[in-house]
Amino acid sequence: MRSRDLIAALDEAALSRFHLRAVLASGMGFFTESPSYWVLIVFRFVLGFGVGGDYPVSAVMVSEYANRKDRGKLVGMVFSTQALGLIVGPLVALALLGAGVSDDVAWRVLLALGAVPAAAVIYLRCRMPESPRYQVQVQGKAEQAASRMSDFTRGRVHGNGSGGQVHGNGSGGLQHEMGLRAFLTNRRYLILLAGTAGTWFLLDYAYYGNTISTPQILGLISPNASTMTKIAIQLAIFVVAAVPGYVLGIARLDRIGHRRLQLTGFAMMALCFAVIALAPGMTTMVIPFLLVYGVSYFFTEFGPNMTTFVLPSELYPVTMRATGHGISAGIGKLGAFIGVFLFPLLQTSLGLRGTLLLTAGVAVAGFALTLVLPEPSGISLEEMTSSPRTSAVPLRIADQASAP
């Protein structure tokens with residue numbers, strides 16, 4: 001079977017099934033009484049299908065609805081809602097532990113609560129129409145795209161094929177439907193994949209490895225801290241250092257440029273890791289350590305942690321956009337997996353300084369690999385992905401939707 005863009009294969013019901021898996025997996029994590037570690041692993045694996053499937057879909061859906069001026073901000077907002085979860089999660093944990101709930105019950109409640117946002121997304125996603133770009137450029141349904149878009153925007157966007165907002169001429173204006181093999185053997189897209197997937201891999205290795213050093217920070221601050229104290233300190237570090245990075249990234253991403261912000265973030269991460277590793281006393285002096293660590297955390301969010309999610313949703317043609325994003329996300333999470341398991345081993349053999357110096361090198365590699373990517377900020381998706389093999393159908397729904 002020929003591979004097509006994930007957004008092509010996933011209709012609204014299929015999108016709901018992704019989130020349904022997340023609901024079931026989160027809920028079953030609560031109700032499972034079996035002490036078996038492997039039972040929990042199975043449910044987390046099922047949860048991974050739901051989260052992994054929606055990663056590219058969420059990014060691409062927003063990217064294809066957005067106008068060129070605000071596209072980075074809007075896709076970045078999708079990703080940045082993880083900040084809300086990273087705040088609510090520890091707060092709920094602190095509330096449960098403060099109320100005297102046992103650890104055995106607390107972790108089950110925390111897992112089960114993950115079903116609530118997934119269930120909400122099922123309802124909201126079913127109310128969204130299909131991507132208008134996909135309907136026009138792949139399915140040739142310009143009139144249907146215009147009608148559903150008009151309903152969705154409550155009349156702010158109209159289109160009857162002659163108003164300059166939606167154009168398509170049936171199969172003659174459709175984009176070339178590229179199979180997975182052709183996609184993976186196309187030199188242009190292989191270079192883009194090296195950039196989007198490679199930088200995501202390096203970012204997640206450094207990011208999750210950086211998180212692994214949190215116990216070292218807590219040991220410096222409070223060697224005998226209780227579980228509640230550690231959770232509170234981790235929450236404080238996140239709120240002070242990371243949340244401002246998310247907020248500023250949303251506000252400035254389109255002005256600075258998506259590629260440029262990723263370059264800046266990787267450069268600052270490399271600098272901070274190198275300072276901690278090379279400056280005398282950095283791992284023994286609490287305040288200097290926290291300041292540099294906080295700066296690295298800030299530029300991770302105000303940089304590649306956001307842009308590695310945004311860029312793959314812009315650089316690929318509509319027929320393979322979610323596929324390119326999904327491959328990039330999957331390889332990125334492989335980097336996270338390696339970072340989580342490799343960092344403790346490296347700290348044992350290299351020490352914290354040596355491990356962070358290696359991480360600085362990883363950030364430099366991310367900076368270098370970002371250079372192969374074009375700058376999509378301010379450019380329409382059609383202009384960005386047009387090539388001799390694709391004929392971009394004029395489509396200005398999103399841009400018209402943002403006009404007053």
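## Close-up views of a helical protein

**Leucine 381, tucked away in a helix.** At just 1% relative accessibility, leucine 381 counts as buried, because anything under 20% gets that label. Leucine 381 lies in helix α18, which covers residues 381–385. Look for valine 318 too: 63 residues separate it from leucine 381 along the chain, yet their C-alpha atoms are 8.5 Å apart. Keep in mind that this is a predicted model.

**The whole protein, before we zoom in further.** What is the protein built from, helices or strands? Count them up and you get 19 helices and 0 strands. Of the 404 residues, 48% are buried. If you take the contacts with a separation of 6 or more, 83% of them join residues 24 or more positions apart. The accessible surface adds up to about 18200 Å², and carbon and sulfur atoms own 67% of that.

**Asparagine 67, a buried residue in a loop.** Here we're in the loop between α3 (37–65) and α4 (71–80), where asparagine 67 is found. Is asparagine 67 buried or exposed? Its relative accessibility is 7%, so it counts as buried. Now follow its side chain: it reaches the backbone nitrogen of lysine 69 at 3.0 Å. A polar atom of that same asparagine 67 side chain also lies 2.9 Å from the backbone nitrogen of aspartate 70.

**The largest nonpolar core and one of its hubs, tyrosine 246.** This core has 46 residues, and the ones with the most contacts inside it are Tyr246, Met269, Tyr297, Met306 and Phe309. Plenty of helices chip in: α3, α4, α11 (187–212), α13 (227–256), α14 (258–278), α15 (286–301), α16 (304–310) and α17 (321–370) each supply at least two of its residues. Apart from this core lies another one, with 11 residues, including Leu192, Leu193, Leu315 and Met384. Back to tyrosine 246: what does it touch, leaving aside neighbours within four places in sequence? Its contacts are Phe79, Ser80, Gln82, Ala83, Leu86, Phe238, Glu301, Asn305 and Met306.

**A nonpolar patch on the surface, with isoleucine 338 as one member.** Seven names to find here: Leu334, Phe337, Ile338, Val340, Phe341, Leu342 and Leu345 form this surface patch. Together they have about 640 Å² of accessible area. Isoleucine 338 is found in helix α17. With a relative accessible area of 31%, isoleucine 338 is partly exposed, because that label covers values between 20% and 50%.

Methods:
Residues are numbered from 1 along each chain as its sequence is written. This is a predicted model: local features need pLDDT of at least 70, side-chain atom pairs count only at pLDDT 80 or more; totals for chains, interfaces and linings use all residues. Side-chain values use heavy atoms; hydrogens and water are left out. Helices (H or I, at least four residues) and strands (E, at least two) are DSSP runs, numbered from the N terminus. Buried means under 20% relative accessible area, exposed over 50%, partly exposed in between (1.4 Å probe, protein chains only). A polar contact is a pair of N or O atoms within 3.5 Å; within protein, one must be able to donate a hydrogen and the other to accept it, and residues adjacent in sequence count only if both atoms are side-chain atoms. A nonpolar core is a set of buried Ala, Val, Leu, Ile, Met, Phe, Trp, Tyr and Cys residues joined through side-chain atoms within 4.5 Å. Contact means heavy atoms within 4.5 Å. Patches are made of residues with over 30% relative accessible area and no salt bridge: like charges are joined within 9 Å, nonpolar side chains (Val, Leu, Ile, Met, Phe, Trp, Tyr) within 5 Å. Accessible areas come from the Shrake-Rupley method with a 1.4 Å probe; for residues, only the protein chains shown count as cover. A salt bridge is a side-chain nitrogen of Lys or Arg within 4 Å of a carboxyl oxygen of Asp or Glu.
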